[in-house]
Amino acid sequence: MISFQDLGEATPWTVDALCAQTNPDQFFPDKGESSVDAKTVCASCPVIAECLAYAVKHRIHHGVWGGTSPNQRQRIITAEGLCVRCGGPRTGRRYCGDCAVIVRRETKRTYEQRKANQPPPSAGLPRKEAA
């Protein structure tokens with residue numbers, strides 16, 4: 001059974017959630033496995049809208065929530081014009097202003113670390129003799 005105690009806040013809708021009364025493994029399929037069984041349970045659940053809203057608000061990137069897969073929830077977030085990192089109002093294509101700065105820094109740091117671990121471009125190449 002799924003335990004909603006780890007959600008960390010009062011969520012009264014979880015009392016009526018049908019997933020809490022079924023096998024949790026079907027809501028967290030391994031990569032390549034079908035989520036049809038979980039989505040079938042969700043389709044008849046009385047709190048499907050609340051569940052989906054919770055998953056979108058809290059950026060839950062695993063399992064079936066509100067009848068949607070993580071990829072489907074990501075598309076919802078993007079369509080709503082929200083930052084995919086923090087959920088705030090988006091200013092760019094994917095991020096709000098603050099997250100865009102953080103992502104640029106992280107990307108630059110990763111690039112510099114990779115560059116520092118690679119030999120210089122001329123390493124291992126034979127030198128041309130001066131004539």
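The buried residues of helix α2 pack against helix α3, which spans residues 70–79. This arrangement belongs to a predicted model of a protein with 4 helices and 0 strands. Along the sequence the helices follow the pattern α-α-α-α. Of the 131 residues in the protein, 28% are buried. Among contacts with a separation of 6 or more, 32% join residues that lie 24 or more positions apart.

**Helix α2 and its packing on α3**

- Helix α2 covers residues 48–57, and its buried residues are C51, Y54, A55 and V56.
- The axes of α2 and α3 come within 10 Å and cross at roughly 75°. The two helices are therefore roughly perpendicular to one another.
- On the α2 side the contact involves L52, A55 and V56, which meet R73, I76 and I77 of α3. By class, the residues of this contact comprise 5 nonpolar, no polar and 1 charged.

**The loop between α2 and α3**

- R59 follows α2 and has a positive phi, near 55°. This arginine is located in the loop that links α2 to α3.
- R59 has a relative accessibility of 12% and so counts as buried, the cut-off for burial being under 20%.
- Beyond its neighbours within four places in sequence, R59 is in contact with I77, L82, C83, V84, C86 and G87. I77 also takes part in the contact of α3 with α2.
- I60 is in contact with Y54, A55, W65 and R73, again leaving aside neighbours within four places in sequence. Of these, A55 and R73 also belong to the contact between α2 and α3.

**The largest nonpolar core**

- In soluble globular proteins, nonpolar side chains tend to be buried together.
- The largest nonpolar core here has 15 residues, of which W13, F27, V47, Y54, I60, V64 and W65 touch the most other members.
- Helix α1, residues 36–43, and helix α2 each supply at least two residues of this core.
- Within this group of core residues, Y54 is also one of the buried residues of α2, and I60 contacts both Y54 and W65.

**Cysteines**

- A disulfide is a covalent bond between the sulfur atoms of two cysteines.
- With a cut-off of 2.5 Å between cysteine sulfur atoms, the count for this model is 0 disulfides.
- C45 is in no disulfide, and the nearest cysteine sulfur, that of C19, is 6.2 Å away. C45 counts as buried, at 12% relative accessibility.
- C99 is likewise in no disulfide; its nearest cysteine sulfur belongs to C96, at 3.6 Å. Since its relative accessible area is 5%, C99 is buried.
- C86 is found in the loop between α3 and α4, the latter spanning residues 97–117. Because its relative accessibility is 43%, C86 counts as partly exposed.
- Not counting residues up to four places away in sequence, C86 touches R59, C96 and C99.
- C86 and H58 are 28 residues apart in sequence, and their C-alpha atoms are 8.7 Å apart in space.

Methods: Residues numbered from 1 in each chain as written. Predicted model: local features only at pLDDT ≥ 70, side-chain atom pairs only at ≥ 80, totals over all residues. Heavy atoms only, no water. Buried < 20%, exposed > 50% of the residue type's maximum accessible area, 1.4 Å probe, protein only. Contact = heavy atoms within 4.5 Å. Axes fitted to C-alpha atoms, helices over the stretch in contact; angles between N-to-C directions. Parallel < 35°, antiparallel > 145°, perpendicular 65-115°, else oblique. Nonpolar A, V, L, I, M, F, W, Y, C, P; charged D, E, K, R; others polar. Core = buried A, V, L, I, M, F, W, Y, C linked by side-chain atoms within 4.5 Å.
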